[in-house]
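Q: Please take a close look at one part of this model, the strands and what packs around them. Describe how the pieces connect, then go on to the surroundings.

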Amino acid sequence: IADIAAPLMSQLTRQLVWPVALMTFEAGRMLVRETTHESSTLSVDHGMVGRALPLLRTAAGRCYLALCPGKERRTILEMLARSKAPEDRRARETQRLTKLLDAIRAKGYAIQDREINPKTTGIAVPIRLGTRMLGSMSLIWISSALTIEQAENDFLPLLKSTASRIADAVRDRTLIEPLSTGT
């Protein structure tokens, strides 16, 4: 997915200037698979590819968790609830977390405000094929530069469109590849 997403993400960053990141779920964390941090003049984070970030503290993780199929979500939440890691303790706050995930599902995207980096805010949208979550794509901005409402208005349509284009390209590749790999 990262190889498919990279050119589309670069195009998005050229349009919006702010960096974007593609993250996938792996072992209770969100793994940064691709990012445009290096090419964005407004990035405050570099060297992000390969970093594992807390699922419940990131917009990408919350987005993934809220919008993945219910059975997968329950399994992930059970795993996180048993975790001893401090960043996973929110999984044991079931009422609060259920309310948060319900709100994300209703909106179709997630926000995190200064939780990973006290200078930045992020918004994340799902990348999915049907009901299957492939990952999340987030856009990060310096919190003092604009409000969450401005970011929702200015960035969300293009972010959703890019995520949809990535999912379409993944679907198209999976339809074509099995036919061309039989040698």
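**Strand pairing, cores and pocket**

A: Ala 110 stands opposite Ala 124, a residue of β5. This is a predicted model, and what follows is read from it. The strand that pairs with β5 here is β4, residues 110-113; the two are antiparallel and are joined by four bridges. β4 and β5 form a hairpin with six residues between them. Arg 114 lies in that turn and has a positive phi of about 60°.

β5, residues 120-129, also pairs with β6, again in the antiparallel sense, over 10 bridges. One residue pair in this ladder is Arg 128 with Met 133 of β6. The hairpin of β5 and β6 has two residues between the strands, and Gly 130 in its turn has a positive phi of about 60°.

β6 has a further partner in β1, residues 20-26: four bridges join these antiparallel strands. In this pairing Val 20 faces Leu 139 of β6. β6 thus pairs with β5 and with β1. β6 spans residues 132-142 and is mostly covered, with nine of its 11 residues buried.

Two residues, Met 137 and Leu 139, have the most contacts inside the largest nonpolar core, a set of 28 residues. At least two residues of this core come from each of α1 (2-16), β1, β5, β6 and α5 (148-180). The greatest share is that of α5, which gives eight residues. In general, nonpolar side chains of soluble globular proteins tend to be buried together.

The contacts of Met 137 can be listed, leaving out residues up to four places away in sequence. Met 137 touches Met 9, Leu 12, Val 20, Ala 21, Ile 123, Ala 124, Val 125, Ile 127, Leu 159, Thr 162, Ala 163 and Ile 166. Ala 124 in this list is the residue that stands opposite Ala 110, and Val 20 is the one that stands opposite Leu 139.

Thr 162 can be followed from its own side. It lies in helix α5, and counts as buried because its relative accessibility is 4%, where buried means under 20%. Apart from residues up to four places away in sequence, Thr 162 touches Leu 8, Leu 12 and Met 137. Leu 12 and Met 137 thus touch each other and both touch Thr 162. Between Thr 162 and Val 125 there are 37 positions in sequence and 9.6 Å from C-alpha to C-alpha.

Two loops at the ends of β1 contain non-glycine residues with positive phi. Most residues other than glycine have a negative phi. Val 17, in the loop between α1 and β1, has a phi of about 75°. Val 17 is partly exposed, because its relative accessibility is 35%. Ala 27, in the loop between β1 and β2 (29-35), has a positive phi near 50°. Ala 27 counts as exposed because its relative accessibility is 69%, and exposed means over 50%.

Apart from the core around Met 137, there is a second, separate core of 25 residues, which includes Met 30, Leu 55, Ala 91 and Leu 97. Ala 91 and Leu 97 also belong to the lining of the largest pocket. This pocket has a volume of about 170 Å³. Among its other lining residues are Gly 70, Arg 73, Arg 74, Leu 77, Thr 94, Thr 98, Asp 102 and Arg 105. Both α3 (70-82) and α4 (94-107) supply at least two residues of the lining, and α4 gives the most, with six. By class the lining has five nonpolar, three polar and four charged residues.

The loop between α3 and α4 holds Arg 90. Arg 90 is partly exposed, with a relative accessible area of 28%. Neighbours within four places in sequence aside, Arg 90 is in contact with Leu 56, Arg 57, Arg 62, Leu 97 and Glu 115. Of these, Leu 97 is a member of the second core and of the pocket lining. Leu 56 is 34 residues from Arg 90 along the chain, and the C-alpha atoms of the two are separated by 7.2 Å.

Conventions:
Residues are numbered from 1 along each chain as its sequence is written. This is a predicted model: local features need pLDDT of at least 70, side-chain atom pairs count only at pLDDT 80 or more; totals for chains, interfaces and linings use all residues. Side-chain values use heavy atoms; hydrogens and water are left out. On a 1 Å grid over the protein atoms alone, a cavity is a set of points where a 1.4 Å probe fits but cannot get out, and a pocket is an open set with protein on both sides within 12 Å along at least five of seven lines; lining residues have an atom within 4 Å of a point. Grid points are joined across faces, edges and corners, and a volume is the space filled by probe spheres set on the points. Ala, Val, Leu, Ile, Met, Phe, Trp, Tyr, Cys and Pro count as nonpolar, Asp, Glu, Lys and Arg as charged, and the others, Gly among them, as polar. Buried means under 20% relative accessible area, exposed over 50%, partly exposed in between (1.4 Å probe, protein chains only). Two strands pair if DSSP finds at least two bridges between them. A nonpolar core is a set of buried Ala, Val, Leu, Ile, Met, Phe, Trp, Tyr and Cys residues joined through side-chain atoms within 4.5 Å. Contact means heavy atoms within 4.5 Å.
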